[in-house]
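The following note sets out numbered points for a colleague who is examining the structure. Please read each point against the coordinates shown below.

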Amino acid sequence: MTAAEISRIAGVTRATVSNWRRRHDDFPAPSAGTESSPLYDLPAVQAWLRGRGHTSTASPTEELRTALRLLGPGSGVAARLFPLAAGASRRTPEELAELAALPDDQLIARAEKTARELPAAVPEAEPVRYGPDDADAVRALLGCVREAGPQAAVDVLAERELDEGAASGVYQTPEGLAVLMARLLPAEASRVLDPACGSGTLLAGAARRGARELFGQDSLPVQGRRTAVRLLLSAPEAESAIRVGDSLRGDAFPDVIVDAVLCNPPFGDRDWGHDELAYDPRWAYGLPPRFESELAWVQHALAHLEPGGYAVMLLPPALAFRSSGRRVRAELIRAGALRAVVSLPARAAYPLHISLQIWVFQRPEPGGTDRMTVLFVDGEGEQRDGAPGTASATDTATATADASTRGGSRLRRSGSSSSAASSSAASFDWAGLTDRVLGQWAAFTAAPDAYADEPGVARAVPLVDLLDDVVDVTPARHVRATAADIDPAALARRVDDLHEQLAEQVTALAASSISGGWQPSGASAREWRTATVSDLARGGALTVLRAAAPGTRGSKGSGGPAVERPVLAARDIAAGNPPSGTAVDIHTDAAQPVAAGDVLVRAVAGGGDAAAMTRVADDRDAGALLGQHIHLLRPDPARLDPWFLAGFLGAEDNIASASTGSSLVHVTPGRLRVPLLPLEEQRRYGEAFRRVHELRAAARRTADLAADTAATLTTGLTAGVLLPPAGPNASGSRSV
């Protein structure tokens, strides 16, 4: 490991590590590398740090990544640790700690025995053998399972193996998206197939909805193992069959007919088998064009459905209008197989630069009722309107344009952190979008003929209107932006009301402008001694807590939190909103309630992000459950002022120095630094930071209200229900 990695796990600066090397003769000598870039033995460094009383500030997942990286490429240990992660999930934290404390030879023997307990559901999981060189990685895995949960450990293993392989361009389906897609299926769907299962997120979502027979296939062995382990962890009561192979060329379930299909297939794959599969019986709606592999996946899914069964698929937006796929689209529409198309806002899922779509299909039933309309839901409208569903300013990462990896895997290949791939979706308001989509879908399926369009959101379009020369099924093309029956008087009253609210908010913003009273510190900037959060925690001045990682187990006998309790999400800190999260934002088996006076720090930020990184919990937040991607610091009020702490922790330079990553940065709270000041002086700074927070919140509310007013006026004028004022100087006219 490098000196930089030592500084990260110890929660100190690089300069401190260099100082240790010079001052302490017992500091471990370099074991490899060069004189200018030495490398150190991880166990030796950890033993030295423990001897000095330094506890590691690196997360369990980071420690596992480090251990795997130190074994070097080609070791294959990540693939061999999958069954151990599943086996270890059945052990208590105490048993895992006892196992990790064994000598290397006993540890290896016990680890092999634990791994062999895994059922044969994991493709290519046996035989499992570990060598002496694997001991550190095994210990790190056990620690990760104990502290962060087995699913977090599985994700790190998959990330490492994908890095070592040729699987660039694979992404994980966001948890919120998986929930939405699974809830579009009928509640009674029990047998579910994902022919491009990737990390298994969609099948796990189906299991949470009640599915009890799960079938999955992926072309990458690592993804097959990952899915199998995920299902063993999240749905142990379900029967699962996971296979490795190309679903289009070598269907592992040729005779399986299911109630439903969930799928996030690979996009733009030009080598999907067009020529060799030209006469395949699956192409009931026409031979998919060579450059339209997605239409092959669509028909593959329909071929596995029983009559009346549903398929929900995530597809690229170009599939809705490309001329090459027009004939197949037309046949799907004529047959009544296409039921709905939902557009998602950009950055809701990888690839982030495009607005993906959810297509809902239903296999036609012989002699069944004709389906005369297709539902279109414009989820992109949330982003255009600046509604809460818009991805936050954190989401500044860009994605590779070509997502043509075969096998349907969806894990970002970055070696830094698998969570980087999902940070964008994690900060996205999936709860709001899910309610928006499911409300329209439920109304449409209950009574398609009586369904009432909702302007700007959804519209049911007759099939005959879709079967033109283009057969374009892009939702934005069909969803009307405004209603045809707007009441002019009602809209005028709303405009007056918005003007009054805006005037009140502008007054509030002016009151928050905190002008005056600010004095220069002197001829130069103040200098002060600082301490890291880790130092303050060791001294008892504060306690550092963090929301549970995916799959983290609670203590024995502890019940999960009630889902009706509010959840504080990372986006709430950025926007200054009260808790708005739902069960999707939290892992109900290990939650941390928030108390007034807690300091909340977002765990992920984007380069150039101007949104707030910190906030002090108030009475609105008290009792809320802590969502994902948030660090919670609980200061001792007799030693630290909360607003003083939040203000300095959220400084741009402080966040940058305690973070890793570029487009998306991951904050390590133990490395954040705080000035050492008397409590009375802390309170002066804290009051100033509180006023700055109020200014930021007032500015955001004013901007939102101004945008709403402008949009309403534009709608009224363009729809012909409002008349412009008589002139700029007309009596009684009001400035917009």
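Helices of at least four residues and strands of at least two are DSSP runs, and they are numbered from the N terminus. The model is predicted, and the element names below follow this numbering.

1. Overall composition. The protein has 25 helices and 22 strands. Of its 736 residues, 53% are buried. Among contacts between residues at least 6 apart in sequence, 77% join residues at least 24 apart. The exposed surface amounts to about 31700 Å², of which carbon and sulfur atoms supply 51%.

2. Val471. This residue is placed in the loop between helix H18 (463-466) and helix H19 (475-478). Although Val471 is not a glycine, its phi is positive, at about 55°. With a relative accessible area of 1%, Val471 is buried, because buried means under 20%.

3. His629. A positive phi also occurs at His629, which is not a glycine either; the value there is about 60°. His629 belongs to the loop between E18 and E19. Its relative accessibility is 24%, and His629 therefore counts as partly exposed. A reviewer may wish to inspect the backbone at both Val471 and His629.

4. Asp621 and its surroundings. Which residues, beyond the neighbours within four places in sequence, is Asp621 in contact with? They are Leu568, Pro578, Pro579, Val594, Arg615 and Val616. Asp621 itself lies in the loop between strand E17 (614-616) and strand E18 (625-626), and its relative accessible area is 0%, so Asp621 is buried. With Arg615, Asp621 forms a salt bridge in which the closest N and O atoms are 2.7 Å apart. Arg615 is buried as well as Asp621.

5. A salt-bridge network. Asp246, Arg249, Asp271 and Glu276 are joined into one network by salt bridges that share partners. Over the whole structure, a search finds 28 salt bridges.

6. Arg634 and Asp598. The side chains of these two residues meet in a salt bridge, at 2.8 Å from N to O. Arg634 is in strand E19 (residues 630-635), whereas Asp598 is in the loop between helix H22 (570-575) and strand E15 (599-602), so the pair ties together parts that are 36 residues apart in sequence. Buried or partly exposed: which applies to Arg634? Arg634 counts as partly exposed, at 30% relative accessibility, while Asp598 is buried, at 2% relative accessible area.

7. Arg334 and Glu331. This salt bridge, with its closest N and O atoms 2.9 Å apart, lies within one element: both residues are in helix H14 (residues 326-334). Arg334 and Glu331 are 3 residues apart, about one turn of the helix. An α-helix has 3.6 residues a turn, so residues three or four places apart point the same way. Glu331 is partly exposed, with a relative accessibility of 34%.

8. A positive surface patch. Arg110, Lys113, Arg116 and Arg129 form a positive patch on the surface. Of these residues, Arg110 is found in helix H7 (residues 104-115). Arg110 is partly exposed, at 41% relative accessible area.

9. Helix H10. How many of the 9 residues of helix H10 (residues 175-183) are buried? The number is 7, and the helix is mostly covered. The buried residues are Gly176, Leu177, Ala178, Val179, Leu180, Met181 and Ala182. Their cover includes helix H11 (201-208) and helix H17 (430-446), together with strands E6 (258-263), E7 (305-315) and E9 (357-362).

10. Pro43 and Asp136. Pro43 is part of helix H3 (residues 42-51) and is partly exposed, with a relative accessible area of 28%. Along the chain, Pro43 and Asp136 are 93 residues apart, and their C-alpha atoms are separated by 7.6 Å.

Key. Residues are numbered from 1 along each chain as its sequence is written. This is a predicted model: local features need pLDDT of at least 70, side-chain atom pairs count only at pLDDT 80 or more; totals for chains, interfaces and linings use all residues. Side-chain values use heavy atoms; hydrogens and water are left out. Buried means under 20% relative accessible area, exposed over 50%, partly exposed in between (1.4 Å probe, protein chains only). Contact means heavy atoms within 4.5 Å. Patches are made of residues with over 30% relative accessible area and no salt bridge: like charges are joined within 9 Å, nonpolar side chains (Val, Leu, Ile, Met, Phe, Trp, Tyr) within 5 Å. Accessible areas come from the Shrake-Rupley method with a 1.4 Å probe; for residues, only the protein chains shown count as cover. A salt bridge is a side-chain nitrogen of Lys or Arg within 4 Å of a carboxyl oxygen of Asp or Glu. Lys and Arg count as positive and Asp and Glu as negative; His and the chain ends are not counted. The place of a charge is taken as NZ of Lys, CZ of Arg, CG of Asp or CD of Glu.
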